[in-house]
Amino acid sequence: MSTKSNVKNETTERWFVLVLTIWGAAVFVTGYFGILSNINTIWVPLLVIAGITIPVLAYYFSEDFRSYIWSIDLKHLTIYHVWRIVAALVFFDYGSQNLLPKQFIIDAGFGDLAVGLLVPIILFLRESYTKYLVFHIFGMLDFAIAVGTGFTFNVLLNDPLMRNVITYPIVLIPLYGVCITGALSIMTLDRLLKSKYYSEKLINDFQK
C-alpha cells in the first residue's frame, strides 16, 4: 500500500514540477519581451487570484495531489519561504527608484523580509508542529497584508506606479512567486490543522 502511494506521489510530483516549469517559463518569456507590460493592470489581481485558486482547487478535489502535498516534509514547505527575502530586496530596489508606492514597499517588502529571515530561526527550534503552525499563520497574515495593499493601490486607488509590477523582472513576483506562495500557504495550513495527529502533538509541545 505504501509502495503504491509512493509511486503515485512520484508521478504527481513530476506533473507538479512540469506545470511549475511551464508556468514560470511563460511568465518569464512574456515578461522579458514586454508582452505583459501592455496589458491592463486590472488583470494583475485577477491573474494572481486565478494562480492561487486553481492549485488550491486541485488540492481539495484531487486526492492524489493532496496526498503528494501531505507527503512533503514540513521543513521543505517552510524553507521555500526563504525566496521572500529576494522578493523583499527587489521591492526595496524598485522603491529606491520611486517605481512603486511607498506604503506598498513597507507592507510587502518588510513583511516578506521578516518572514524570510524567520525561516532559519524556525528550523533551528526544537522540532514541533506548533512552530510550523505559528510560522505559516504569520506568513499567511503577511501575505494577506501585502496582497491587500497591492490590490488597494492597483484597483481601488489606480496608482500609476503599480503598472511597474508587470515589467520584467518584478513581474515574476506577483504572477509566479506570489501565486505559489499563497497556494502552498493555504494547503500547508490546511494540512497542519486537519492532521489527525495535530491536536495530540500540539498538547505535547506545550507540555515539554
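**Two pockets in a predicted model**

Guide: In this predicted model, the largest pocket has a volume of about 420 Å³. Of the 24 residues lining this pocket, V48, A146, V147, P174 and V178 are the closest to its centre.

Visitor: What makes V48 a lining residue of the largest pocket?

Guide: A lining residue must have an atom within 4 Å of a point of the pocket, and V48 is counted among the 24 residues that line the largest pocket, so V48 meets that cut-off.

Visitor: Which helices supply at least two residues each to the lining of the largest pocket, and which gives the most?

Guide: The helices that each supply at least two residues are α2 (43–61), α5 (83–96), α6 (102–124), α7 (129–156) and α8 (172–194), and α7 gives the most, with 6 residues.

Visitor: How do the residues of that lining divide into nonpolar, polar and charged?

Guide: The lining of the largest pocket holds 19 nonpolar, 3 polar and 2 charged residues. Val, Ala and Pro count as nonpolar, and therefore V48, A146, V147, P174 and V178, the closest to the centre, belong to the nonpolar group.

Visitor: What is the volume of the second largest pocket, and which residues are the closest to its centre?

Guide: The second largest pocket holds about 290 Å³ of space, and of its 17 lining residues the closest to the centre are F16, V19, W23, I54 and P55.

Visitor: Where does the largest share of its lining come from?

Guide: The largest share, 6 residues, comes from α2, while α1 (2–32), α2 and α8 each supply at least two residues. This lining divides into 16 nonpolar, 1 polar and no charged residues.

Key. Residues numbered from 1 in each chain as written. Predicted model: local features only at pLDDT ≥ 70, side-chain atom pairs only at ≥ 80, totals over all residues. Heavy atoms only, no water. 1 Å grid on protein atoms, 1.4 Å probe; cavity = no way out; pocket = protein on both sides within 12 Å on 5 of 7 lines; lining within 4 Å. Points joined across faces, edges and corners; volume = space filled by probe spheres on them. Helix = DSSP H or I, 4+ residues; strand = E, 2+ residues; numbered from the N terminus.
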